[in-house]
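Thank you all for coming; I would like to walk through one model with you this morning, taking the charged side chains ahead of the rest.

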Amino acid sequence: MTSMYSNLLAHLQQPTSSVGFETIQGALSHHLAHLSPLPTPLAASAVSAPLFLSHPLTFAKLDTLSTAFRHAVHIKYDLLTKDAEESSMTKALFTRGPRTRLGQWVGALINGLQGGQPIMRLACSTGVLMGMNDFEKLRAQKGPAENEVVLSLAEVMDLFRSFQLSSASSSEWEKEFQPMGDHDLLSATLILSSQSLPLVVEDKLKALPLDILGRLLTSTISSAFTSGTFLTSSSALNSPLLASVAPLSKLSSLTHSVLLDSRPRDGLLTAQETLSTLEAVCAQVETDWIRLSTPADAQRTWLVLKTLLFSTIMISESVLSAAIYVTTCPAPLGLTALRALGHLSFVIQQFGGITPSSNFVELKKAVYLALDVVAGSTRAGEAEDFVSGLLRAQSKAPKDDLAKKAFILACAEQLVPVLKDPRDVFALCEGHLNSPEHRETYESAHSVVLAVLSREDMDGWVSKMVPWYSACLVENSAENGLDTVQLRLAFQTLVKSACRQENAIGWFPVEELIRAIEKYRDDDARAHRLRLALIASVSAVRGVDMLSRILKEVRRVIKGKSEVERLGEEVIERVGDREKAFAIRWWAENRKRLEAEYELEERALAQL
């Protein structure tokens, strides 16, 4: 036994050490990897070492222990690989390979942990599992480490449950569950679990009491945000738990997903409790945000707000993705998730909202999934009640709260197809249809109008809307208004909806477009957008007579190669079956003439 090894054992047996934990960590990793023949005795000494077990049992100590075991796996694998490379051919034939020998070594390491306190075993086995997962070639052999992680976590949870049921602490160990230092023992356990459980195969996770684990994670995440009161306390903005919210949220997502898959009834109940807790936290944050004029520490405040938003999105998306496969209607989950995100609309606005132009894919996925769940509900009036609640909340919000309006409009757009009467939502749109300076509410308002126009049971309302909305779209065809794609889609939808009434109404927006093209012919960019909108309307008209009329007008105003190519796409790919034969003939007769005209036009411009 070397003096360095004796020194390490001596330090481990003392409740305090004169050397830093980094030194202890490095020495422990080194000797675990080099100890011959097996590391079982040293692992047993480490897992029961007074240096780590002494009160208070902080997360820093547990993290040091976990990191030591993780690094030991790295060192041992490097040693075994190097030994195999340097061995002679004859020796290699009679020696096990590096992975087999490492598997033996890991088994000995796990054996040394037996008899230790569950939280200590969890820390050590977490390090071993993470170390093996770091090497792709070793991942197939991590079964023993996975088993130890699951068993030790289950024992810690049993201890915690016993402590909760006990009226008074009956042992020194139970005192460790009381808050201390930077984390309490439960939080430290969950943080360790958030590092290791995502690496465990799902079938093994099902052995854990996942409903209890889900509730503990929710409680810890809520505590990290001080139940939503962090805006009123500068100390709450620096909670040590905030740094671990991301891995805790990831573990919560995994827990709910596996629980919903394996035990749907318990899963739905636990998921509803989790989302309701998040909703309460977000509601408190919104209340304090409205009440406070300026946050104490703006930069730190926004960082915590974004963390809360990301956590809510991650957990909501995971819950809803799993819940849609459960036979019981998960609509309440969708409603709760939407209310929680609605309370954070002022944060969502910083990421561009949930408009089609937003790049926040995860946010849009969570919101649209929740809306799909609500829209697909079998309960009568579910969507109406939700939209009515949003409108009531909006009426109480400050008038300049455009973020909340944008969120309501984005939700309403997706629910329009299932609402009995969407005209109440339209009233919220009117004030924003001509306000492109507030892009999110502007785009959302137009999207809601188009969603209403797309319904086939709004004929009377559509007839009244066509003249007004045609003029509105022309007005918004300017440079800072609707972009080319949005303008084309808007006119195409309007013409298609109007054509369901009668030909005269259907022709009105086409005529409005033609007049606008003439009016703005000196504004090349705007006239080009309007001509493209007219071309997009070709596939929206009904009947050969109307198709012939609109093609005649298109033929008269069309300019340039890009517009001719766009017309070809519209005629060949999008015109309906009834009008297809006529459209193809028309295109065959006029294509060469149109191409010759734009080529002549280009030559004339080149000469200038």
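Is Arg515 buried, partly exposed or exposed? Before I answer, please keep in mind that this is a predicted model. Arg515 has a relative accessible area of 43%, and is therefore partly exposed, and its salt-bridge partner is Glu511, with the closest N and O atoms 4.0 Å apart. Glu511 is also partly exposed, at 35%, and because the two residues are four apart in helix H26, about one helical turn separates them.

A second pair within one helix is Glu569 and Arg566, which lie three residues apart in helix H29, residues 560-574, and whose side chains meet in a salt bridge at 3.7 Å, N to O. Here Glu569 has a relative accessibility of 32% and Arg566 one of 28%, and each counts as partly exposed.

Let me turn to a pair that spans two helices. Arg339 and Glu279 form a salt bridge through their side chains, at 3.0 Å from N to O; Arg339 belongs to helix H17 and Glu279 to helix H15, so this pair ties together parts that are 60 residues apart in sequence. Arg339 is partly exposed at 36%, whereas Glu279, at 19%, is buried. In the whole structure, the search finds 26 salt bridges.

Finally, there is a negative surface patch, formed by Glu479, Asp522, Asp523 and Asp524. Of these residues, Asp523 sits in the loop between helix H26 and helix H27, and is partly exposed, with a relative accessible area of 36%.

Note on methods
Residues numbered from 1 in each chain as written. Predicted model: local features only at pLDDT ≥ 70, side-chain atom pairs only at ≥ 80, totals over all residues. Heavy atoms only, no water. Patch = residues over 30% accessible without salt bridge, like charges linked within 9 Å, V, L, I, M, F, W, Y side chains within 5 Å. Areas by Shrake-Rupley, 256 points an atom, 1.4 Å probe, with all protein chains shown as cover. Lys, Arg positive; Asp, Glu negative; His and termini not counted. Charge placed at Lys NZ, Arg CZ, Asp CG, Glu CD. Buried < 20%, exposed > 50% of the residue type's maximum accessible area, 1.4 Å probe, protein only.
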